[in-house]
Every structure is written in C-alpha cells, then in structure tokens.
Amino acid sequence: MSTLVNFPSKNEVCAERFLFPHYSGVATYQPPCKRSRITAPFCFAIAEDQFAKLNQKWEEKRLCYIDALPNECLFEILRRLPGARERCASACVSKKWLSVLSSIRSAELPKETKTTLPDLNEDPIDVEEETETEECLQRSLEGKKATDIRLAAISISSGSRGTLGKLTIQGSHPTRGVTDKGLTAIGRGCPSLRVLSIWNVPRVTDTGLSEIADGCPLLEKVDLVECPLITDKGLIAIARKCPNLTSLNVESCVRIGNDGLQAIGQCCPKLTSVTIKNCPLVGDKGICDLVSSAGASLTKVKLHGLNIGDHAIANVGFHGKGVTDLTLSGLQLVAERGFWVMANTLGLQKLKSVAIISCPGLTDLGLASIAKCCPGLKQVHLRRCSQVSDAGVKAFCEAAKLLESLQLEECNRITLNGVLSALIMCGPKFKSLSLVKCLGIKDIITPPGMVQIPSCASLRSLTVRNCPGFTDASLAMVGKICPMLENIELSGLGDVSDHGLLPLINTCAGRLVNVNLCKNANLTDIAVTSLVKANGNTLKLLNLDGCKKVTDKTVMEIVERCAVLEELDLSRSMVSDYGISVLASAKELKLRVLSLAGCQKLTGKGVILLGNMGKSLEGLNLLSCNLVNSYNLASLEEKLWWCDILV
C-alpha cells in the first residue's frame, strides 16, 4: 500500500522525527524556515533491528534524568526546596518523590527566609506572639483511608497549612494498611504533634512508635487500642523521649506489661491520667511502680480487666494522693481486704468520683470504708456489685456527707426499702439518684404506725430504668419522699400506669423541667395531659417514645401549655395528621428537636404540614413512617432546608 501512494513505511524514519505523506502529482506548500538546512524531509530505509535500537535510544532520551538518580541524591535535591508549598507540589510528582520527601526530618530542612520587603505601614509582629497564634491541625484516618501514603502526604502538607497537633488512626486498609513507614513519616515531618490515637492497627510495631517518640518530643496524649505488635519497648521509648506526657490510654495491647508502665511512671512527671484495660501481662508490680512514681501528679486512674490483686489496689489508695477520679472494673482477683486497705490507707483524700464495676470483692464493709475515708466523695457509680446490700448503701450514704450523685446498676441485692432508707440518710447536697436494672427493687407497704414519712428535699433528679418490680405503689412512695424533683426518667416500667404517675405529678407540680417516660405502654392521655397542665411553664424536654396510648389530645395540650418546650419525642405513639397540623401551626412553640419515628397514623399530608414549623427546628426524626413516600419527604426537605431530617 505504501508503494501505491508513495507513503513511508514503518521502517522509514524521518530525519527530523516527523513523517509527512508524499503523494505523486500533488504539490504541497511549506513556508521557508529561517536558516533551515533541510527544505524537505527525506526518508531512508533501515532494518528492523536498527529501527528498534533507534526507538529505544529515543525513549531513553525522553526519560527524566532525575528519576535515574539514586535516592540519596534525590534526597539532597528535594530537601533544599525553598518552602513547604514547593515540597507539597513535588510530592505530587510520583510515589517515589513522596516517599523521599516524607523521609526528610524537619530539622534537615533549610529555614525559610522571607524575600519580600516588609510593609512599613503595618505594625511589627513579635516572633513569640506569632508562634502562639500558629494554627494546630487535626487529622483523622478511618478504615480504608488509613494507609501509609496518606500519612506521608499528611506529614508533608502539614508544613504548608500549619503544624499537626492531633492525629487519630482508627482501623486500617485490609491490604495497604498503616505500618511503621507511615508512623515514621509522621515522626519525621510533624515535630509539633501533641495527641496521637491509634485504634485497631495490627501492623504497627515498636519501630514506628519509637520514630514517633524520636520526632515528636512535645507529645502529651497517647492512645494505644488493639495494637498487638506493640510491646514494652515502644512504650519505654515514648516514656524516655516525651517528658510532657499527661495522658496515657492502653487498651487490649497483649504485649505491653509491667516494664512499660514502670518507665512511664519514672520518666513522665506530668502524667495526670492513665487508663489500662484488658492487658493480660500487666500485674501488681506494674501498677505499683506506676502509681508510686507518678502518684503525686495523677488525678484520673482507670483500671479495667487486669490480673491484679489486693496489693495493687492498696498501693493506689496509699500513693494516689492527688487522684480525684477512680474507676475499677472487672478486677476479679481483688477481695474485700483490698478495698478495705485501699480506703484505710487514707491516701485518697481528694477523691471526688468513684466507679466500681463487676468487682465481686466489694462488700458492704469495703463500701462503708470508702465513704468514711474519702471525705470529699461526690459521685458514686456501682454496677454488678453482687455483694453490696441495703446495709452497705445505707452506711455509705450516712458517711458520705458531700455525696451528690448515686447510680446503682444491676445490683440485685439492693431493695426499695434500702434505697429509701439511704435517701433519708443522705446529706443536704444529694441531688441525683439512678436505679437501672435492679431486680431487687419491689413494692413495699408503709407500716401502719408510720404517720409521717421522712423526705429528701435535696433530690432533684430521679432515674428508674428497666426495673420490673417498680410499680405504681413504688412510684407513689418515691413521690412522697422526694417532693422537689426537677428531672424524672421512668423508662421501661411495664407496670407503671396513670394511677402511680398522678400522685408524683401533683407532688412536683410547677417544678419539672426534663421528663422521660419512654417505653411505658400503660400511660394514657390522662396522666400526660395532667403532667403538661401542672408543669407547662417549666417543661423543656418531654419524651413519650413508645407510649402507645398517647393521642392527639396530648399534642393539643402541649401546644396550649408548653411555651418553653425545646425537645419533644412522640415516636411510636398514636399521634395522627390532625395532631401534627395543630403542632405545626403553633406560633409560640419553639421546638428545636422533634421525633415522630414509627408513628403509624402519620401520612404524607401530615409530613407536608411540618414544613410550616419555625426556623427554631434543628432536628426532625421521621424514621419508620411507613405511610410517608419519597415525594412527601422531598417536599419537606425543600421547605425545611436548614433542618437535619432523619428518614
């Protein structure tokens, strides 16, 4: 074919690397080039092997010669770039350049010099003042986004946008997850890092953590959660290189033991908060060394699921002279003696809040000792403490004169009689009582000879949740003892009805601010409308989720009485379109949050009427409204464009 049209074949190469077709009998015009040596391209035929060699040479010439340099030379070239913006632009060239740039330490970069002349009209800025106002960035990588490449990009880009102050890594890419290379890039490029959180990153080892310690001496807070390859060696590196460490959280790290905690206690004099959870290698020695060295500065101590005994707990009580918040959870080896000694060493004089969860060694004796020896105790949370009974709670409330809040959860030996006795013994600062899943709570009968029942006038908040033995009689008794309640949560009480709630409403009339009555199927409009009438001027939150007998009558009463109501939950109730129309047309009502999830009588007509709600509405929940279609929701979203709608 090339012979017929006189066109050069693939084995004919133009001398100027351009091929021009040449047809017989056709004249072509070419403008004269200045000082051209060749006025027309000429072609010559070569063999196949010679053509391949020429083509290979040409491709080699096209390659960028800088890519052929070894990494050492490329390192020296890239580190001499004038500023952070130039380094960011260079990092976008290739992964090789990104890798080389991320390996450059911040100390190896040249200091940026300002070439522009100063503006004489502006006031001079002090260098120290400029440093204080420097922006600290926060970066978070989750799941598949957590890779070494992203960490390298963060380490380089943080120089042009401000110093990286906080980095959170949650999870990791299944095949290209975070490794020591990514942490090395952060350690070399982000010397101002102060907060590091690593959650569920299985490929990070002590090498990466050591690089962080070497490059980030200002580190203040470290969270290590589910990092199976990190050992005491990495924790020791953090302790020795980061003296400003104030908070340490180690959770489910199976290779971290006593040596790492000992180094933290000895090398971190500013440590204020420590949390150790589910670390099987941590024993009494590690906890004792930690609290004995850092006990003066520690204010918050949390120990969960550790193989420690009485000796460790006793050292916490003796050396924790500055501890204000103490949490002990899942300590199966600690006996009654350990809790008694912890309290009687008289070291926890500043303790204000204590939570003891799933500790079978806590008895009435230990609980009473904590109250007597910790005079500043204000908040107590007991959960799954099977040995604590009415006598222990009564003695505790009698001794803790400054107690403000008591939360009892799944403590089945505690009865309603013990709770009421404890309420009477509480001091004048007692404000909050919470009973959750306490199966021992059952109705009691007032003795015939008791004419007047003592009251607890200081109690302001009462929570009773999922206690099956708590019925109308129990609620009426609580209402008599606690006449000054402002916040009430009575949820998951299947036997509570209008008959029990009405006396409580009459007792607390005009004071209730937050009322949560969710999952009480026996409550009707009678009790709820009485509640609204008596507390309409003060009520700010009303939760009626799961009250299946509440209808539009309650909504009409709310619109008429509740002028300051901000949050209303009518989910899974019998409210219909009529009630919604009344609610949407209320001008004085300024709701911020409205929930109508699972309202089976709500249709598209009622949803469209919600578009008339005022601009005070910030959140709207319409989940599981089966009679509402997508067209109605789209129309509503167009009207309430400023509101967060959950559908």
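Me: What makes the meeting of the E220 and R194 side chains a salt bridge?
Reply: In this predicted model, the N to O distance between the side chains of E220 and R194 is 3.7 Å, and a salt bridge is defined as a side-chain nitrogen of Lys or Arg within 4 Å of a carboxyl oxygen of Asp or Glu, so the pair qualifies. The pair links distant parts of the chain, with E220 in the loop between α9 (206–215) and β6 (221–225) and R194 in the loop between α8 (180–189) and β5 (195–199), 26 residues apart. Residues are numbered from 1 along each chain as its sequence is written, and side-chain values use heavy atoms, with hydrogens and water left out. Local features need pLDDT of at least 70 and side-chain atom pairs count only at pLDDT 80 or more, whereas totals for chains, interfaces and linings use all residues.

Me: Why is E251 called buried, and K277 partly exposed?
Reply: Buried means under 20% relative accessible area, exposed over 50%, and partly exposed in between (1.4 Å probe, protein chains only). E251 has 17% relative accessibility and therefore counts as buried, whereas K277, at 27%, counts as partly exposed. The side chains of E251 and K277 meet in a salt bridge at 3.8 Å, N to O.

Me: How do you know that E557 and R561 are separated by about one helical turn?
Reply: E557 and R561 are 4 residues apart in helix α21 (residues 552–561), which means a separation of about one helical turn. Their side chains meet in a salt bridge at 2.8 Å, N to O; E557 is buried at 12% relative accessibility, while R561 is partly exposed at 36%.

Technical notes. Helix = DSSP H or I, 4+ residues; strand = E, 2+ residues; numbered from the N terminus.
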